[in-house]
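Below is a guided reading of one protein structure. The paragraphs that follow go from a sheet to its helices and then to a pair of metal sites.

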Amino acid sequence: MAADAPIRIAHISDLHCGSRYHIPSLANRVIDELNELAPDMVVVTGDLTDAGFRQEFKQAHRLLSRLECERQMVLLGNHDARNVGDEHYAEYFGHRSQELTHGCLRVVGIDSSEPDLDSGRVGRNRYRWIEERFSEPDEFKVLAMHHHLVPVPRTGRERNIVFDAGDVLQTLSRSGCDLVLCGHKHVPNIWRLEDMLIVNAGTACTHRLRGRVRPCYNIIEVFDHSRVKVSLKEPFADPVLVEDFTAAEKRHCRWRSDDGSLGSAFQPRPEAEDLL
Ligand SMILES: [Fe+2]
Ligand SMILES: [Fe+2]
């Protein structure tokens, strides 16, 4: 992979189709922006719907079917697992565990949800499977799931982190996982743990928000095993580089606002404000 031609992943999350907080015009804008960006893959880390109802899945499927990107991964969230929503998910989006590869990149997506619970887990029976999927030493390894793996700042009381987070972290560390993509908290964040980046996406197109965080998604560029850039993208605004991780130099440049959060530095813009 040439240093000047990164693999680009668009990471969106928490669409909540069917919710009164879902903003259809903003959802369409996000899809238009992604089609213009033409990333190598799009990963959607769950909460496609608000209550797992068939009509909500239909709406989410109609929205996501507008994506022109060939490589798409769409995962279940806790809201999708309500009301036996996994049956509709299977009809519209297929298997609950998914895998994408492109160049040296392997993305393994898992269902971290449990029926009618907000909390999540990966589960002991999948640790070995994850290690097997990540057994190729030269690949850049990405795990995607809905629930967050480590606490996210500025999200209030901690809850719903995967029950078995410690064992999952050990599995990922042992597997040489490079990047973890999560959603759920509707607050963007990045942690570095050893040489692994853990990236949370905000909600792409709802005003189900916390504090001053605004709807947003992530654009991730993987240059090689030693360099990853993450940009935060608010619909209608230019992307803002928030992470430029260079492992070889142990350099970790992160942009944050004065209050320490990634998302709250975005000031309301008139054209975006009109949508809310
Ligand atoms: Fe959500
Ligand atoms: Fe969620």
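Which residue in β9 does Trp191 stand opposite? The residue is Ile198. Before going further, note that this is a predicted model, in which local features need pLDDT of at least 70, side-chain atom pairs count only at pLDDT 80 or more, and totals for chains, interfaces and linings use all residues. Residues are numbered from 1 along each chain as its sequence is written, chains are lettered from A and ligands numbered from 1 in the order in which they are written, and side-chain values use heavy atoms, with hydrogens and water left out.

Strand β9 covers residues 196-200 and pairs with β8 in the antiparallel sense over 5 bridges. Strands here are DSSP runs of E of at least two residues, helices are runs of H or I of at least four, and both are numbered from the N terminus; two strands pair if DSSP finds at least two bridges between them. In general, strands of a sheet pair through backbone hydrogen bonds, either parallel or antiparallel. β8 and β9 belong to an open sheet of 6 strands with mixed pairing, in the order β4-β5-β6-β7-β9-β8. The edges are formed by β4 (98-102) and β8, each with a single partner strand, so one side of each has no neighbour in the sheet. On average, neighbouring strands of this sheet are turned by 15° against each other, direction ignored.

Helix α5 (residues 165-175) lies across β6 (140-144), β7, β8 and β9, and runs at about 130° to β9. Such angles run from 0 to 180 degrees between N-to-C directions, the axes being lines fitted to C-alpha atoms, for helices over the stretch in contact. Ala165, Val168, Leu169, Thr171, Leu172 and Ser175 of α5 are buried, where buried means under 20% relative accessible area, exposed over 50%, and partly exposed in between (1.4 Å probe, protein chains only). These residues cover an arc of only 160° around the axis, which puts them on the same side of α5; the arc is that of the directions from the helix axis to the C-beta atoms. An α-helix has 3.6 residues a turn, so residues three or four places apart point the same way. The buried residues of α5 pack against α4 (127-133), β6, β7, β8 and β9, with contact meaning heavy atoms within 4.5 Å. Turned away from that buried side is a face with the exposed residues Gly166 and Arg174. Just after α5, Gly176 takes a positive phi of about 75°.

Arg128 lies in helix α4 and, at 60% relative accessibility, counts as exposed. Its C-alpha atom is separated by 8.1 Å from that of Thr171, 43 residues away along the chain.

A second helix with a buried side is α3 (residues 85-93), where Gly85, His88, Tyr89, Tyr92 and Phe93 are buried. Their arc around the axis is only 105°, which puts them on the same side of α3. The cover over these buried residues includes α2, β3 (72-74) and β4. Gly94, just after α3, takes a positive phi of about 95°. From α2, Ala60 is in contact with Phe93, as well as with Cys17 and Leu48, when neighbours within four places in sequence are left aside. Ala60 counts as buried, at 0% relative accessibility.

What coordinates the iron ion (ligand 1)? Its donors are Asp14 (OD), His16 (NE2), Asp47 (OD) and His186 (NE2), at 2.0 to 2.2 Å. Donors are N, O and S atoms within 2.8 Å of the metal (3.2 Å for Na, K and Ca), and water is not among the atoms, so sites may look incomplete. The angles among the 4 donor atoms are 86 to 173°, and the site is irregular. Four donors count as tetrahedral if all angles lie between 85 and 135 degrees; four count as square planar and six as octahedral if opposite donors are over 155 degrees apart and all others between 65 and 115; anything else is irregular.

The iron ion (ligand 2) has the protein donors Asp47 (OD), Asn78 (OD1), His146 (NE2) and His184 (ND1), 2.1 to 2.2 Å from it. The 4 donor atoms subtend angles of 88 to 162°, which makes this arrangement irregular. The two iron ions, ligand 2 and ligand 1, are 3.5 Å apart, and Asp47 coordinates both. Asp47 lies in the loop between β2 and α2 and His184 in the loop between β7 and β8, so the pair ties together parts 137 residues apart in sequence. Both Asp47 and His184 are buried.
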